[in-house]
Amino acid sequence: MLLLKKVYRFLSYRDRSEKEIRDFLIRKKAQNPNEIIEELKEQGYINDERFAREWVESRRRSKQKGVKALKLELWQKGIGREII
C-alpha cells in the first residue's frame, strides 16, 4: 500500500504515460507492476492518449517546440505511433 501512495504522489505533479509509471514501479522494485498499471488505468489515472494531447499542448505553449521534437519526446515517453 505504501508503494501505491508513492505512485499517487508521482502522478500528482503531472499526468504520466504508462511507460513512465512502469519505469517508476520498476525503480521502486514493485512485485506486481502490471496489476498496479491495470488498476490505475481502470481508475483513469493512466491514459496515453490524454497524456499525449496534454503534453503537446503544454510543450507548444511553453517551449515553442516543433512537430518533430514533440514526436521524439512522446516516443521517448513510451507513446505508440498510432497515438503520436
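In which helix does Lys-6 lie? The residue belongs to helix H1, and it offers a convenient point of entry into this structure, which is a predicted model.

Lys-6 is partly exposed, since its relative accessible area is 32%. On the surface it joins Lys-5, Arg-9, Arg-27 and Lys-28 in a patch of positive charge. Helix H1, which spans residues 2–13, supplies the largest share of that patch, namely three residues.

From this patch the account turns to pairs of opposite charge. Ten salt bridges are counted in the model. One of the pairs brings together the side chains of Lys-77 and Glu-20, with an N to O distance of 3.2 Å. Lys-77 is located in the segment that follows helix H5 (67–76), whereas Glu-20 is part of helix H2 (residues 18–27); the pair therefore ties together parts that are 57 residues apart in sequence. Both partners, Lys-77 and Glu-20, are buried.

A further salt bridge is found within a single helix. The side chains of Glu-57 and Arg-61 meet at 3.5 Å, again from N to O. Both residues lie in helix H4, which covers residues 48–63, and they are four residues apart, about one turn of the helix. What is the relative accessibility of Arg-61, and does the residue count as buried or exposed? Its value is 58%, so Arg-61 counts as exposed, the cut-off for that class being over 50%.

Helix H4 also takes part in a contact with another helix. The side chains of Glu-73 and Arg-59 form a salt bridge with an N to O distance of 2.8 Å. Because Glu-73 lies in helix H5 and Arg-59 in helix H4, this pair ties together parts that are 14 residues apart in sequence. Glu-73 has a relative accessibility of 12% and so counts as buried. Arg-59 is likewise buried, with a relative accessible area of 17%, and buried here means under 20%.

Salt bridges may also be linked through common residues. Glu-18, Arg-22, Glu-38 and Lys-41 are joined into one network by salt bridges that share partners.

Taken together, the charged residues described here appear in several settings. Lys-6 and its companions form a positive patch on the surface, while Glu-57 and Arg-61 pair within helix H4. The pair of Glu-73 and Arg-59 connects helix H5 with helix H4, and the pair of Lys-77 and Glu-20 links the segment after helix H5 to helix H2.

Conventions
Residues numbered from 1 in each chain as written. Predicted model: local features only at pLDDT ≥ 70, side-chain atom pairs only at ≥ 80, totals over all residues. Heavy atoms only, no water. Patch = residues over 30% accessible without salt bridge, like charges linked within 9 Å, V, L, I, M, F, W, Y side chains within 5 Å. Areas by Shrake-Rupley, 256 points an atom, 1.4 Å probe, with all protein chains shown as cover. Salt bridge = Lys/Arg side-chain N within 4 Å of Asp/Glu carboxyl O. Lys, Arg positive; Asp, Glu negative; His and termini not counted. Charge placed at Lys NZ, Arg CZ, Asp CG, Glu CD. Helix = DSSP H or I, 4+ residues; strand = E, 2+ residues; numbered from the N terminus. Buried < 20%, exposed > 50% of the residue type's maximum accessible area, 1.4 Å probe, protein only.
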